[in-house]
Amino acid sequence: MTVLTETWIVFHRQMRLSLRNPMWSILMLSQPLMYLFLFGPLLKPITAQISQGATTNAYQVFIPGLIVQLGMFGAMFVGFGLIAEYRAGVIEADRVTPASRMALMAGRVLRDVVVLVVQSVLLLVVSIPMGLRAPWDGVLLSLLIVALLGATFASLSYSVALITKSEDALAPLLNGIAMPLLLLSGILLPMQIGPTWLQRLSDISPLKHVVTGVRALFRGDIASSSSLWGLFWVVLLTVVGLTVGARTFRKESA
Amino acid sequence: MIEARGLVRTFKTKRGPVQAVQGVDLDVADGEIVGFLGPNGAGKTTTMRMLATLIKPTNGSATVAGCDLAADPVGVRRRIGYVPQSGSTLPEAVAGDEVVDHARLYGVSKAKAIADGQRLFEELDLPGLWRRQCKTLSGGQRRRLDIVMGLIHDPKLIFLDEPTTGLDPQARANLWQHIRGLRDRGATIFLTTHYLDEADALCDRILVIDHGRIVAAGTPEALKQQVSGDGVRLGLSDPAQAPAVARIVRELDGAVEIETDAGGVSFRIPRGGSVLPGLLRQVDAVGIELDGVEVHRPTLDDVFLTMTGRSLRDDGPGVPADEPEQQKEVVV
């Protein structure tokens with residue numbers, strides 16, 4: 001049996017479980033929707049100013065941030081589900097099968113990516129009547145970026161979950177990482193409007209470059225240096241995330 | 001079916017390394033039910049997890065179901081079934097789905113998994129529960145579902161970790177029947193337990209483990225014979241006569257551990273049943289009145305006490321619990 005078949009079996013099981021209890025996926029979507037409806041309108045009058053004249057469409061600035069946020073936060077907390085599975089003995093039961101350790105992780109990550117992409121598409125569809133206008137190719141590339149980002153954060157979340165094996169340790173750890181990542185990524189407001197020191201600080205965060213890249217894609221600047229850097233960083237993050245995840249799954253099975 | 005030599009497992013804990021298993025040799029023949037008996041923290045689960053490829057031995061080697069543990073863990077996994085203590089199904093999932101998905105990870109086709117799974121549900125007394133959510137099953141049903149999960153790829157060797165812990169007496173007796181049934185179908189079974197009655201009732205052979213070492217091995221009968229004889233207790237209506245009775249007992253061939261207390265005299269002697277008639281006549285002859293006589297065959301608890309100097313029920317200090325691996329043991 002190939003790794004792909006095994007991945008599919010794990011994915012299929014996870015997907016069935018998610019569909020049986022879709023509440024969680026819906027709740028995850030409610031957060032960006034609230035940002036969209038309750039925060040988005042505040043940006044409208046200052047769009048030209050915060051985008052430095054690049055666009056006057058508030059949603060071209062704001063939606064890219066929201067879907068990156070969705071990719072990051074939606075995937076970041078999947079580790080909790082893994083701890084529940086660990087407690088129930090499912091991880092142990094998986095590990096006594098001859099299935100590849102890589103497939104045990106990949107199938108779960110794939111489920112997370114599918115859920116995220118569906119959520120992102122829903123978010124985009126809802127944004128159209130609110131005034132979002134963006135080119136197709138840019139949006140599709142952005143969805144790819146969200147998928148890769150989701151895969152990265154899901155793998156990392158699973159790794160941390162497998163190592164800590166405790167919700168009590170995972171929750172503060174994830175929140176501790178999520179908060180600075182969110183603030184320094186320019187998801188809510190572009191970092192360019194901040195003071196220089198804050199901009200320099202945010203330059204350290206690869207996520208900021210990803211958000212900037214997705215914003216460029218939404219404006220249609222597909223081949224701009226911003227969007228290429230965004231792509232570069234997300235691919236790099238994905239390689240790192242999946243490697244760490246696969247290593248942990250292998251190592252944990254000793 | 002299993003041949004292990006010098007298995008050692010050391011865990012890193014905050015207080016330094018702990019040797020949970022300190023050089024275990026064991027052999028299990030085809031078609032046997034072998035019980036791994038020991039108190040909590042003796043190293044039972046750790047040894048079993050090593051043999052089931054879930055943790056790597058720090059030292060030592062083993063051949064399990066014909067495959068080398070270190071060189072071919074995937075080969076071992078294909079041929080064994082492992083029923084962990086913690087269960088193996090998600091409460092929210094549907095029982096039949098969990099079984100089929102598990103089977104497919106072994107490369108079993110979906111159609112065969114469904115057919116075999118439903119047959120096992122019948123055999124293990126789970127009729128009509130195929131479409132039920134796992135969390136709606138009773139403790140005994142959930143345990144039997146775990147066993148179905150462990151059997152779904154028709155393994156030749158089955159590991160059961162504390163199979164009846166947490167079950168009521170009726171469910172335990174029922175599960176024992178099923179475990180014997182597995183052996184009758186030609187499977188080899190290796191189980192851990194800290195229940196003496198379970199080891200006694202179920203196992204062809206018992207390995208007693210304490211502090212990470214095997215301290216005794218043999219059939220339940222042979223182990224019990226290692227304890228010097230049966231326990232005999234003579235109850236007295238008049239406690240003042242205890243010393244006189246003790247004097248008579250001391251004359252008997254092979255009587256040991258003679259103890260007197262307010263209610264009577266206790267001792268151990270080989271073949272207690274055949275010594276008793278003569279003893280009773282002697283006691284009667286000197287005019288001592290007994291108000292009761294008990295003979296009890298040695299139990300595995302007596303064996304354990306003899307081997308280790310403490311009762312199986314004492315969870316003494318020593319090696320920490322069997323699950324240090326569930327602590328923060330692995331660092332990326």
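The expected span of a helix is 1.5 Å times one less than its number of residues. That yardstick serves the opening stop of this tour through a predicted model.

**Stop 1: helix 2 of chain A**

Select residues 23–43 of chain A, which form helix 2. This helix has 21 residues, and the distance from its first C-alpha to its last is 30 Å, close to the expected 30 Å. Next, centre the view on A:Phe37, where helix 2 of chain A has a kink of about 35°. The proline A:Pro41 follows shortly after that kink.

Which residues of helix 2 of chain A are buried? Display A:Leu29, A:Pro32 and A:Gly40. To see their packing partners, add helix 4 (58–76) and helix 7 (101–130) of chain A, against which the buried residues of helix 2 pack.

**Stop 2: the contact between the chains**

Show both chains and select the residues at their contact: 31 residues come from chain A and 30 residues from chain B. On the chain A side, colour helix 1 (3–20), helix 6 (90–95), helix 8 (136–164) and helix 12 (225–252), each of which supplies at least two residues to the side touching chain B. Helix 1 of chain A gives the most, with six residues. Colouring by residue class then shows 12 nonpolar, seven polar and 12 charged residues on this side of chain A.

**Stop 3: chain B as a whole**

Hide chain A and view chain B alone. Chain B contains 11 helices and 14 strands, and its C-alpha atoms fill a box of roughly 80 × 50 × 35 Å along the principal axes. Of its 332 residues, 43% count as buried. Among contacts between residues at least 6 apart in the sequence of chain B, 68% join residues at least 24 apart.

**Stop 4: a four-stranded sheet in chain B**

Now select strands 11, 12, 13 and 14 of chain B. These four strands form an open sheet in the order 12-13-11-14, with antiparallel pairing. Which strands lie at the edges? Strand 12 (256–261) and strand 14 (290–296) of chain B do, each pairing on one side only. Neighbouring strands of this sheet are turned by 10° against each other on average, direction ignored.

Zoom in on strand 11 (residues 230–236) of chain B, which pairs with strand 14 of chain B in the antiparallel sense over six bridges. Label B:Gly235 and look across to strand 14 of chain B, where B:Gly292 stands opposite.

Finally, add helix 10 (residues 272–285) of chain B. Helix 10 lies across strand 11, strand 13 (264–269) and strand 14 of chain B, and runs at about 165° to strand 14.

Definitions and conventions. Residues are numbered from 1 along each chain as its sequence is written. Chains are lettered from A and ligands numbered from 1 in the order in which they are written. This is a predicted model: local features need pLDDT of at least 70, side-chain atom pairs count only at pLDDT 80 or more; totals for chains, interfaces and linings use all residues. Two residues are in contact if their C-beta atoms, placed from the backbone, lie within 7 Å. Ala, Val, Leu, Ile, Met, Phe, Trp, Tyr, Cys and Pro count as nonpolar, Asp, Glu, Lys and Arg as charged, and the others, Gly among them, as polar. A residue is buried if 20 or more other C-beta atoms lie within 10 Å of its own, exposed if 12 or fewer, and partly exposed in between; C-beta atoms are placed from the backbone. The bend at a residue is the angle between axes fitted to the seven residues ending there and the seven starting there. Two strands pair if DSSP finds at least two bridges between them. Axes are lines fitted to C-alpha atoms, for helices over the stretch in contact, and angles run from 0 to 180 degrees between N-to-C directions.
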